[in-house]
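User: I'm new to this structure and would like a close look at a single part of it. Could you pick one helix, walk me through what surrounds it, and tell me how far to trust the picture?

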Amino acid sequence: MQVISNTQVWQAILQAIPDTARPVLETFVPTGLADMNQIMQFTNLTRDRVNRAVERLVSANLLQELKRPIPRPDQRGKPSNIYLLTQEGAKVLQSLGYKHARVCGLKEDLPILHMLAMTDVHLAAQKAGVPMRTDTLLRFNERTLRPDHLVTLADGRAMILEVEQAASTETLRRV
């Protein structure tokens, strides 16, 4: 009996879905979630091609659709569909070399909106060729930080960018 590794399983899954599926899946690397507009922006694919790829990824249990609309304050009209990376989807991305790919376990609207904004920033930086790490742990002077974004500037210095969805008296100090 032949033993098949997880990597071989994930490679077989990727071969079974069209070549448009890989860039769609790669959209989820930074945060584990993205909406339809972000996927189209990242992949430069038409809505129809993204829809077909997303349908196949959902059928393969690599993505799941958030079942409720969440209106974004920066967009008009009907809210865009939001998709979450599944555990299987994260494993596929990790097998492709994206070691930071992980499931987004958020459930509440405000944190999801925050993560969507972080995805916007990450995708814009990626398109501009700006090196950025998003939502990863950083050790600094014996402390652990988890900045929304860590940008490497052209001169090699690092800059932290934070995205805040709603500021209140409770969060003002952190902001």
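Analyst: Confidence comes up right away, since this is a predicted model. Averaged over the chain, pLDDT is 84, and 83% of the residues reach 70 or more. The weakest spot is helix α1 (residues 6-16), with a mean of 61, while β3 scores highest at 96.

Now for the lie of the land. The chain has 6 helices and 8 strands, and along the sequence they come in the pattern α-α-β-α-α-β-β-α-α-β-β-β-β-β. Of the 175 residues, 38% are buried. If you take the contacts with a separation of 6 or more, 55% of them are between residues 24 or more positions apart.

The part to zoom in on is helix α6, residues 109-128. Does its length add up, or is something off? With 20 residues at 1.5 Å each, α6 should span 28 Å, and its end C-alpha atoms sit 29 Å apart, so the two values agree. Right after α6 comes G129, which has a positive phi near 80°.

Plenty of this helix is tucked away. The buried residues in α6 are I112, L113, H114, M115, L116, A117, M118, T119, H122, L123 and A125. It helps to remember that an α-helix has 3.6 residues a turn, so residues three or four places apart point the same way. What does the covering? Among the elements over the buried residues of α6 are β1 (33-35), α3, β3 (82-85), β4 (132-134) and β7 (149-152). Let's take those neighbours in groups.

Start with β1 and β3. They belong to an open sheet of 3 strands, ordered β1-β3-β2, with antiparallel pairing. β1 and β2 (63-65) are at the edges with a single partner strand each, so one side of each has no neighbour in the sheet. From one strand to the next, the twist averages 25°. The antiparallel strands β1 and β3 are joined by 3 bridges, and L33 has L84 in β3 as its bridge partner. Helix α6 packs on this sheet and touches both β1 and β3, its direction making about 80° with that of β1.

Next come β4 and β7, which pair antiparallel over 3 bridges; here M132 is opposite V151 in β7. β7 also pairs with strand β8 (residues 158-161), again in the antiparallel sense, this time over 4 bridges. Two of the matched positions there are H149, which faces L161 in β8, and L150, which stands opposite I160 in β8. The hairpin of β7 and β8 has 5 residues between the strands, and G156 has a positive phi near 95° in it.

That leaves α3, another element covering the buried residues of α6. Helix α3 covers residues 36-43, and T43 lies in it. Is T43 buried or exposed? Its relative accessible area is 12%, and because the cut-off for buried is under 20%, T43 counts as buried. A polar atom of the T43 side chain lies 2.7 Å from the backbone oxygen of I39. Leaving out residues up to four places away in sequence, T43 touches P23, V24, T27 and V50.

Put together, α6 packs on the sheet through β1 and β3, and α3, β4 and β7 also help cover its buried residues.

Key:
Residues numbered from 1 in each chain as written. Heavy atoms only, no water. Buried < 20%, exposed > 50% of the residue type's maximum accessible area, 1.4 Å probe, protein only. Polar contact = N/O pair within 3.5 Å; in protein donor to acceptor, adjacent residues only side chain to side chain. Contact = heavy atoms within 4.5 Å. Expected span 1.5 Å × (residues − 1). pLDDT = per-residue confidence, 0-100. Pairing = 2+ DSSP bridges. Axes fitted to C-alpha atoms, helices over the stretch in contact; angles between N-to-C directions.
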